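Dear colleague,

I am handing over the structure that we spoke about, and below it I have written out what was found in it. Please keep it open beside you as you read.

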Amino acid sequence: MEKMVIRRQSLEEMKEIYDGMLSGHFPADEIKPFWKIKDSYEKGEYMGYGLYRHAEDRECLAYAWMCSIRDENWILLDYYAVTEKLRGRGMGSRFLKHLFEECTEGIPVIIEVEDPDRLENIPEDRREEERERRLRRISFYLRNGVQETQLRARVFQVPYNIMIYKQDAQNRVSIDQESLKRAYYYFYSHVQGNVAIGDVHEIEHYTGRILPVGISYDKKTKEHRCVIEKYEKN
C-alpha cells in the first residue's frame, strides 16, 4: 500500500481509537464496553490492525479489530472503519484485502452487517437513509470477495446479516452453516462474556407453488386483462 503501512496495534492505541473515533463510526448499541475488549486482548483472543502513513505515525487512518474464535477455527471482524480522510479513494478495499491475505492466516472471517430489511428500531423519518447506508456497506463487502450466508442474528437488539470471507481460488466456496453458527455462539458466550444473543436462524426458502400473474390494460377499450399461469420448475 503506497506510502502507508499496516501494523498491529497496542492496547493503548486501541483505547485511543475507542475513546476518540468509535462513536463516530458505529451506533452506540454496537459499541461494547472497553473492558471486554481489553480482557479478550490480554487472553490473546483479540487483535487490532491500523493503517498509518509511516511506521512511527500515531494518527490512525483506518482500523480493523478482530477476534480469534480458536475452538471453531474462525475469526470475527468486530470493528472495521476508514476515517473520512481516506474515504472515496479505494483505500478501504486495499486495507481489507491486505487484512484477509496477510493477517488471518487463511482462517475464514465472519462479518456482521446490519440487516437493511429490519428497520423497526429506527425512527421512521430516518429509515430510508439508514437502509441505504446498510446496503452500501453490504455492497462494499461483496465487491471485496465476501460472501452472503443464510444466517441472520440479533445481538443487543441489532439485527444482523452474517457474511463470511474464505480464501480459495474463486472465493466461492460451500459454507458449513452449522460450524458458522457454533462459532458465532461461541464468540458471544465465551469471548464476550456470556452475552445473550437471540433470533439466530437461517433463511427459509419458499418451496410452495408459484403462480406468475400478468395484468394488462387496453387504453382504447379501457379494459383490464389478467392471466394466471402455473409455473413448472425445470
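A residue counts as buried when its relative accessible area is under 20%, and because Phe26 has a value of 8%, Phe26 is buried. Please bear in mind that this is a predicted model.

As for the overall picture, the protein has 234 residues, of which 45% count as buried, and its secondary structure comes to 6 helices and 10 strands. The protein exposes about 13,900 Å², with carbon and sulfur atoms supplying 47% of that area. Among contacts with a separation of 6 or more, 61% join residues that are 24 or more positions apart.

Turning to the aromatic rings, a search of the whole structure finds 8 aromatic pairs. One of them is formed by Phe26 and Tyr79, which meet edge-to-face, with 5.0 Å from centre to centre and 70° between the planes. Phe26 lies in the loop between α2 (22-25) and α3 (34-42), while Tyr79 belongs to strand β4 (residues 74-82), so this pair ties together parts that are 53 residues apart in sequence. Tyr79 is also buried, with a relative accessible area of 2%, and ring pairs link Phe26 and Tyr79 with Tyr63 and Trp65 into a cluster.

Charged side chains lie over rings as well: Arg7 is over the face of Tyr52, 3.8 Å from the ring centre, and Lys15 is over the face of Phe34, at 5.6 Å.

Finally, how many disulfides does a search of the whole structure find? The search finds 0, and of the cysteines I can mention Cys67, buried at 0% relative accessible area, and Cys103, buried at 13%.

Best wishes

Technical notes. Residues numbered from 1 in each chain as written. Predicted model: local features only at pLDDT ≥ 70, side-chain atom pairs only at ≥ 80, totals over all residues. Heavy atoms only, no water. Disulfide = S-S within 2.5 Å. Buried < 20%, exposed > 50% of the residue type's maximum accessible area, 1.4 Å probe, protein only. Helix = DSSP H or I, 4+ residues; strand = E, 2+ residues; numbered from the N terminus. Contact = heavy atoms within 4.5 Å. Areas by Shrake-Rupley, 256 points an atom, 1.4 Å probe, with all protein chains shown as cover. Phe/Tyr/Trp six-rings, centres within 6.5 Å; stacked < 30°, edge-to-face > 60°. Lys NZ or Arg CZ within 6 Å of the ring centre and 35° of its normal.
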